[in-house]
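Biologist: Before I go back to the bench, could you show me how to read a few backbone and packing features from a set of coordinates?

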Amino acid sequence: MTGSPPSTPVRTGYAAANGISYYYEIHGRGAPLLLLHGGLGSTGMFEPDISALAKGHEVIALDMHGHGRTALGDRPIDYLAMADDLAEVLAQLGYRTVDALGYSMGGGVALRLAIQHPDLVRRLVLVSTPYAQNGFFPEMLPQHAALGASMAPMMKQTPLYGAYAAVAPKPEDFPRLLDRMGEWMRTSYDWTDEVKTLRGPVMLVYGDADMFRPEHIVRFYQLLGGALRDAGWQREHMSRNRLAVLPNVTHYEMAASPALVPTVLPFLDGEPTGSGTP
């Protein structure tokens, strides 16, 4: 899959929601799949995944608030607010239900979308996504807390900034974006009770060298009804939700991993998910 050519969108545009004009691209044909990128990235970070997913799905790839071609507004970066925004954007685009796949920050927004708008999300794939701030390894929290405009000069020497500046409507907003991201990353949250309300099915995907504590990953799956007992000879106690751990993959490599799409496609395409409780 790494040799696949970039996908050409069949349609691009902007849709406004609550003061933010969101850039979107639509690729392929099939069941609609909302695709949400990671923090400080854009839809471009998912190539060649988009090409592979678009072979059987109508992929709605969207640049989130302040990222890619979506300008940074006057609001904070907030997952809950973005989830409401995306529900409005999807309604404008004519979608009543979608599957959703989000990576890292995009996974957090996809999770909130499924929680806040349960009728909108059919199948949910969360890639390298926590459900609470304490899911990160402890050493990550001070790094997150330090994110801000003061890091802009250093980060401007990285490919990440190069990709941002190539498409951002106002590249000079980069330091302000870092401040906004830092504000969110210093926010304490724990969505344990809300995770239990997810209708599913849900698939969790992590790398074996991810930035989250293994016990947090397992607990997330258990909140969804998995890893609580043996599945049984006839899979009669099998959860309809899924957990995958990709070998030799870090958090930062996940979106580009050639193993990601083959791992999630059977789930998105409706493989049998068990007859047990969620």
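Modeller: We will take a helix, some backbone angles and the cavities in turn, bearing in mind that this is a predicted model.

Biologist: Let us begin with the helix, then: which residues of α10 are buried?

Modeller: The general idea is that an α-helix has 3.6 residues a turn, so residues three or four places apart point the same way. In this structure α10 runs over residues 260-268, and its buried residues are Leu260, Val261, Val264, Phe267 and Leu268. These residues lie on the same side of α10, because they cover an arc of only 125° around the axis.

Biologist: What is the phi of Gly270, which follows α10?

Modeller: The phi of Gly270 is positive, near 90°.

Biologist: How should I read a positive phi where the residue is not glycine, and which peptide bonds should I look at?

Modeller: As a rule, most residues other than glycine have a negative phi, and most peptide bonds are trans. Asn18 has a positive phi near 55°, and this residue sits in the loop between β1 (11-17) and β2 (20-27). Asn248 likewise has a positive phi, near 60°, but its place is in strand β8, residues 242-250. As for peptide bonds, the one from Glu47 to Pro48 is cis, with omega near 10°, and Pro48 belongs to the loop between β3 (31-36) and α1 (49-53). The bond from Gly200 to Pro201 is also cis, with omega near -5°, and Pro201 is in the loop between α8 (192-195) and β7 (202-209).

Biologist: Is Asn248 buried or exposed?

Modeller: The relative accessible area of Asn248 is 70%, and since exposed means over 50%, Asn248 counts as exposed. Asn18, at 45% relative accessibility, is classed as partly exposed.

Biologist: How many cavities of 30 Å³ or more are there, and what lines the largest cavity?

Modeller: The count is two cavities of 30 Å³ or more. The largest cavity has a volume of about 70 Å³, and its lining includes Ala114, Pro118, Leu198, Arg199 and Gly200, together with Pro201, the residue that follows the cis bond from Gly200. Strand β6 (residues 121-127) gives the most to this lining, with four residues. By class, the lining has seven nonpolar, one polar and three charged residues.

Biologist: And what is the volume of the second largest cavity?

Modeller: The volume of the second largest cavity is about 50 Å³. Among the residues that line this cavity are His67, Thr70, Tyr164, Lys170 and Asp173, and the lining as a whole divides into five nonpolar, four polar and two charged residues.

Methods:
Residues are numbered from 1 along each chain as its sequence is written. This is a predicted model: local features need pLDDT of at least 70, side-chain atom pairs count only at pLDDT 80 or more; totals for chains, interfaces and linings use all residues. Side-chain values use heavy atoms; hydrogens and water are left out. Buried means under 20% relative accessible area, exposed over 50%, partly exposed in between (1.4 Å probe, protein chains only). Helices (H or I, at least four residues) and strands (E, at least two) are DSSP runs, numbered from the N terminus. The arc is that of the directions from the helix axis to the C-beta atoms. On a 1 Å grid over the protein atoms alone, a cavity is a set of points where a 1.4 Å probe fits but cannot get out, and a pocket is an open set with protein on both sides within 12 Å along at least five of seven lines; lining residues have an atom within 4 Å of a point. Grid points are joined across faces, edges and corners, and a volume is the space filled by probe spheres set on the points. Ala, Val, Leu, Ile, Met, Phe, Trp, Tyr, Cys and Pro count as nonpolar, Asp, Glu, Lys and Arg as charged, and the others, Gly among them, as polar.
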